[in-house]
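Here are some short exercises to work through with the structure at hand. Try each task before you read its solution.

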Amino acid sequence: MSYESAKAAYSAFGIDTDAAIAKLKTVPVSLHCWQGDDVIGFDNDGGLTGGIQTTGDYPGKARNPEELFADMEKAMSLMPGKKKINVHANYAIFEDGEFADRDKLEPKHFKKWVDFAKKHNIGLDFNPTFFSHPNIKNGLTLSSPDDDVRNFWIEHGKACIRISEYFARETGVTCVMNIWTGDGMKDIPGDRYGLRMRYKDSIEQILSEPFDFNLVKPCVESKVFGIGVEAFTSGSNEFALSIAAANDNCIPLMDNGHYHPTEVVSDKIPALLCFFPEIALHITRPIRWDSDHVVLFDDETREMAKEIVRADALDRVYQALDFFDASINRISAWTVGFRSWQKALLFALLQPSARMKELQDNGEFTELMVLQEQAKLLPFGDIWAEYCRQEGVAADMSWFDEIKKYEAEVLSKR
């Protein structure tokens with residue numbers, strides 16, 4: 001079916017496909033830099049520690065900033081849609097033998113990221129890095145009972161506030177700064193309250209650093225558990241949401257891999273939008289737990305996108321990808337994940353949502369079910385193909401030929 005005939009099929013359901021494509025082109029999605037080198041970064045030579053782990057040993061990972069930038073450019077050339085770049089603090093770029101520990105990071109250590117963003121006319125998001133560092137004591141950072149440890153990480157958070165504002169002022173795009181720690185306990189804690197009160201105080205001290213809330217959107221991200229912190233995490237869901245609710249210069253961030261297996265973030269999105277002017281998402285694909293698999297065009301991914309669109313909240317939800325897989329080609333992982341979320345957003349924009357709402361409000365539940373099922377058969381693939389054509393990228397899997405060529409000519413030589 002051609003685009004024109006597919007357009008007519010959607011029009012019969014009251015859906016304007018041209019408007020859907022035009023709308024999607026305005027929605028920025030943040031692409032995470034850490035997929036390219038397995039979250040190692042540039043400030044240490046060790047492996048990951050602190051409740052986080054990457055598995056696999058596929059060849060060709062980026063070893064320095066130049067390789068990471070080149071890999072990201074290759075991936076972005078294969079993706080439709082508006083982009084941002086999400087950077088972790090451990091990706092500071094030091095020159096001429098200089099080094100600054102995480103509590104002493106400055107905007108100048110991220111100038112090359114700003115140059116990269118300006119080159120591509122995109123914004124930047126940021127994340128303090130509360131893992132893979134020797135100044136983590138007994139698995140704790142912001143909730144540590146050791147004042148020296150805790151103060152080090154508070155200063156790191158404040159430094160990241162300053163860097164985030166630098167990003168926003170340089171790019172002209174609001175910077176989302178996400179606070180996540182792996183703080184927790186391997187076995188049953190003796191004092192949960194104390195851990196969380198110290199964590200609360202630490203975050204509030206970080207948020208006391210002066211910044212323009214129009215430019216910087218600090219978030220606190222929750223987590224159920226992690227490797228080595230199976231029994232307890234300081235930053236539980238209730239804690240993170242309460243921090244955001246209690247501080248008017250902070251917004252909640254949900255990672256859809258950070259909940260119990262029976263919970264779905266698609267149901268949480270409209271709940272939070274009832275109370276928060278803005279929220280943020282880290283979009284991943286959990287298997288069993290927070291395994292951070294490559295995002296696919298699966299049921300929950302589609303449902304999350306639907307809830308954002310149905311709430312008319314595309315301009316209220318900051319969207320960022322977050323996964324890392326070292327067992328497959330890393331550039332392909334980026335590309336599949338980004339394109340899958342683009343598909344989900346377009347699919348959501350092409351739903352007869354107004355009619356569904358009307359049927360629900362009128363109690364016409366039988367017809368609602370019939371319409372929901374029929375909408376699944378609309379020729380979505382033809383609309384996706386047109387969107388990709390307008391964005392100058394392949395709609396089918398022929399983009400993978402570029403990946404294979406790049407792997408043969410570049411990655412295999414690393």
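**Exercise 1.** In this predicted model, find how many aromatic pairs there are, then describe the pair of Y199 and F239.

*Solution.* Start with the count, which comes to 19 aromatic pairs. Next, take Y199 and F239: their ring centres are 4.9 Å apart and their planes differ by 5°. Planes under 30 degrees apart count as stacked, so this pair is stacked. Now place the two residues: Y199 belongs to helix α6 (residues 192-207) and F239 to helix α7 (residues 237-246), 40 residues apart. Finally, check accessibility, where buried means under 20%. Y199 has 0% relative accessibility, so Y199 is buried, and F239, at 10%, is buried too.

**Exercise 2.** Work out how the rings of F297 and F347 are arranged, and which of the two residues is buried and which partly exposed.

*Solution.* The centres lie 5.8 Å apart with 80° between the planes, an edge-to-face pair. F297 sits in the loop between β11 and α9 (299-310) and F347 in helix α10 (residues 330-349), so the pair ties together parts 50 residues apart in sequence. F297 is partly exposed because its relative accessibility is 28%, whereas F347, at 10%, counts as buried. One last step for F347: the charged end of R302 sits over its ring, 6.0 Å from the centre.

**Exercise 3.** Describe the lining of the largest pocket.

*Solution.* Begin with the space inside, about 420 Å³. Then turn to the 28 lining residues; I52, Q53, D290, D292 and F324 lie nearest the centre. By type, the lining divides into 9 nonpolar, 12 polar and 7 charged residues. Strand β11 (residues 289-293) gives the largest share, 5 residues.

How values were computed:
Residues numbered from 1 in each chain as written. Predicted model: local features only at pLDDT ≥ 70, side-chain atom pairs only at ≥ 80, totals over all residues. Heavy atoms only, no water. 1 Å grid on protein atoms, 1.4 Å probe; cavity = no way out; pocket = protein on both sides within 12 Å on 5 of 7 lines; lining within 4 Å. Points joined across faces, edges and corners; volume = space filled by probe spheres on them. Helix = DSSP H or I, 4+ residues; strand = E, 2+ residues; numbered from the N terminus. Nonpolar A, V, L, I, M, F, W, Y, C, P; charged D, E, K, R; others polar. Phe/Tyr/Trp six-rings, centres within 6.5 Å; stacked < 30°, edge-to-face > 60°. Buried < 20%, exposed > 50% of the residue type's maximum accessible area, 1.4 Å probe, protein only. Lys NZ or Arg CZ within 6 Å of the ring centre and 35° of its normal.
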